[in-house]
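Welcome, and please open the model in your viewer. We will begin with one residue and work outward from there.

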Amino acid sequence: MQPVVGIPQKLPAPPDGLYGKLMAHAAGLPGDELFAQMIAGQVAGLGALPPGLGLSNTEFSALLARHYPGIKLAVNFDESIADPRALERDDVLALLLESRAGKDTSEQWMAEIVTTACMDRNHLWQDLGLHSREYLSRLMTQNFPALAAKNMYDMKWKKFLYKQLCEREGINACRAPSCEYCADYLKCFGPED
Ligand code: SF4
């Protein structure tokens, strides 16, 4: 099977509003732009992340201090909500953490944020509030390189992560012997836009 090519990429949004403000204070770390997109997207009502991107108050404050020194944001955290999908969350989080690059403390926050977005139903880059799928591919490669490298045929990211979990458990939920002959091919590899 040939790698999927030609997936449409959207242009990044212009640096204005909160995104521009965050980037104006960016510390110069690899995750600055990605976190800024997600924070500004969440505040604008885009994506599926809760206030604070699903991090604790302490973690989110540390993220701001590390990536955008001098920026303060008022966030209404609600850390009392019971999570009926806690076991699933634990599995996704563990999968990501096992593959973190080991270069920056923000990989832990990124893993928690991606895990939270996996619990929703749209494409992962959309649930994260990123500007395009291209940024999600960058996020995965920067933070979880060993895992990202396994997605050599550019499978949709959320499908890819859950397929890793199924394979780990020895579960083959696929109806076809290989992707090449599968009627669900576009569900796994089609454009994510
Ligand atoms: S394309 Fe078909 S065989 Fe391949 S991962 Fe998706 S469901 Fe499974």
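Start by selecting Leu136 in this predicted model. Which residues does Leu136 touch, leaving aside those up to four places away in sequence? Colour Leu124, Trp125, Leu128, Leu130 and Trp157, and you have them.

Now widen the selection to the largest nonpolar core, a set of 36 residues. Leu136 is among the residues with the most contacts inside this core, alongside Met38, Ile113, Val114 and Leu128. Show these five as sticks to keep your bearings.

Next, bring up the helices that build the core. At least two core residues come from each of the following:

- H1 (17–24), H2 (32–43) and H3 (57–67)
- H4 (86–98), H5 (106–118) and H6 (124–127)
- H7 (133–143) and H9 (157–168)

Which helix gives the core its largest share? Select H5, which supplies 7 residues.

Switch to a cartoon of the whole chain. You will count 10 helices and 0 strands, so to speak an α-only run of elements from the N terminus on.

Finally, zoom out. The C-alpha trace spans about 55 × 35 × 30 Å along its principal axes. The radius of gyration is 17 Å, which agrees with the value near 16 Å for a compact globule of 193 residues. Colour by burial and 32% of the 193 residues count as buried. If you draw the contacts with a separation of 6 or more, 65% of them join residues 24 or more positions apart.

Definitions and conventions
Residues are numbered from 1 along each chain as its sequence is written. This is a predicted model: local features need pLDDT of at least 70, side-chain atom pairs count only at pLDDT 80 or more; totals for chains, interfaces and linings use all residues. A nonpolar core is a set of buried Ala, Val, Leu, Ile, Met, Phe, Trp, Tyr and Cys residues joined through C-beta atoms within 7 Å. A residue is buried if 20 or more other C-beta atoms lie within 10 Å of its own, exposed if 12 or fewer, and partly exposed in between; C-beta atoms are placed from the backbone. Helices (H or I, at least four residues) and strands (E, at least two) are DSSP runs, numbered from the N terminus. Two residues are in contact if their C-beta atoms, placed from the backbone, lie within 7 Å. The radius of gyration is taken over C-alpha atoms; the globule rule is 2.2 Å times the number of residues to the power 0.38.
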